[in-house]
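Me: I would like to go through this structure slowly and ask, at each step, what lies behind the words that are used for it. Could you answer with the reasoning spelled out?

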Amino acid sequence: MHANPRPPATQQEAMWAMDRLIAAHLFGQQEMAQVMGLNVTDVTCFGFVLEAGDGLLTAGELAERVNVTTGAMTGVLNRLERAGFITRRPDPADRRRVRVAAQPDAVAMARRLYEPYYARLAELFADYSPEELAVLNDWFRRATRLAEAFREESRRQT
């Protein structure tokens, strides 16, 4: 597990560190999107398609995850399909809906681009005990829910 003690930090220091992490990831996603010939929203949607694996998401589910209208999601799916990243399949339970599947070549490209980064993250996570990983996982999930709720509240106020 970890060999070095963790330095103390204040809430403010942790928030600044989080802000720097988010900025680094935003810029990194933008650069990855450019390499893939997409925009950040499209890459994010493709990431959700990859995460779903064989449990294919509907266009509506994707729209909800990315927080865009179904009309905007149609544009995202059109771009991803034209670029060869996804295919649309009729939903066997409801032929009016489509489910989104990743194209194998696009999956291979995404893996080639992202796996070196994820390998480094795995090395970083290996420096933490199972208990610390549980805390990190809890924090990531709770912070995500908080951010999503805040975005929803902000949208309703504007």
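**Reasoning from values to words**

Reply: Leaving aside neighbours within four places in sequence, D91 is in contact with T58, R97, V98 and R99. Please keep in mind that this is a predicted model.

Me: What makes these residues count as being in contact with D91?

Reply: The word contact asks for heavy atoms within 4.5 Å, and T58, R97, V98 and R99 are the residues listed for D91 once the neighbours within four places in sequence are left aside. From the other side, T58 touches D91, R97, V98 and R99, again not counting residues up to four places away in sequence.

Me: Why is D91 called buried?

Reply: D91, which is found in strand β2, has a relative accessibility of 2%. Buried means under 20% relative accessible area, and because 2% lies under that cut-off, D91 counts as buried.

Me: Is T58 buried or exposed, and how do you know?

Reply: T58 is found in strand β1, and its relative accessible area is 6%. Since the cut-off for buried is under 20%, the value of 6% places T58 among the buried residues.

Me: Which backbone atom lies 2.8 Å from a polar atom of the side chain of D91, and what makes this a polar contact?

Reply: The atom is the backbone nitrogen of A93. A polar contact needs a pair of N or O atoms within 3.5 Å, one able to donate a hydrogen and the other to accept it, and the distance of 2.8 Å for A93 and D91 falls within that limit.

Me: How do you know which strands pair with one another?

Reply: Two strands pair if at least two bridges are found between them. Strand β1 (residues 57-58) and β3 have 2 bridges, in the antiparallel sense, while strand β2 (residues 86-91) and β3 have 6 bridges, also in the antiparallel sense, so both pairs meet the requirement. In the first of these pairs L57 stands opposite V100 in β3, and in the second R88 stands opposite V100 and R89 stands opposite R99. The strands β2 and β3 form a hairpin, with 2 residues between them.

Me: Why are β1 and β2 called edge strands?

Reply: The open sheet of 3 strands has the order β1-β3-β2, with antiparallel pairing. In this sheet β1 and β2 each pair on one side only, and that is what is meant by an edge strand here.

Me: Which elements give two or more residues to the lining of the second largest pocket?

Reply: The second largest pocket has a volume of about 160 Å³. The elements that give two or more residues to its lining are α2 (40-52) and β3 (94-102), and β3 gives the most, with 3 residues. The lining is made up of V49, L50, G53, D54, L56, R89, V100, A101, A102 and V107.

Me: How many residues of this lining are nonpolar, and how do you know?

Reply: By class, the lining of the second largest pocket has 7 nonpolar, 1 polar and 2 charged residues. Asp and Arg count as charged, so D54 and R89 belong to the charged class, and G53 is polar because Gly is counted there.

Me: What is notable about phi of N67?

Reply: The phi of N67 is near 65°, a positive value in a residue other than glycine. Most residues other than glycine have a negative phi. The place of N67 is in the loop between α3 (59-66) and α4 (70-82).

Me: Why are N67 and E152 both called partly exposed?

Reply: The relative accessible area of N67 is 32%, and that of E152, found in helix α6 (residues 130-157), is 33%. Buried means under 20% and exposed means over 50%, so both values lie in between, and each residue is partly exposed. N67 and E152 are 85 residues apart in sequence and 9.0 Å apart in space, C-alpha to C-alpha.

Me: How many helices and strands does the protein chain have?

Reply: The protein chain has 6 helices and 3 strands, and from the N terminus on its elements run α-α-β-α-α-β-β-α-α. Of its 158 residues, 20% count as buried.

Technical notes:
Residues numbered from 1 in each chain as written. Predicted model: local features only at pLDDT ≥ 70, side-chain atom pairs only at ≥ 80, totals over all residues. Heavy atoms only, no water. 1 Å grid on protein atoms, 1.4 Å probe; cavity = no way out; pocket = protein on both sides within 12 Å on 5 of 7 lines; lining within 4 Å. Points joined across faces, edges and corners; volume = space filled by probe spheres on them. Helix = DSSP H or I, 4+ residues; strand = E, 2+ residues; numbered from the N terminus. Buried < 20%, exposed > 50% of the residue type's maximum accessible area, 1.4 Å probe, protein only.
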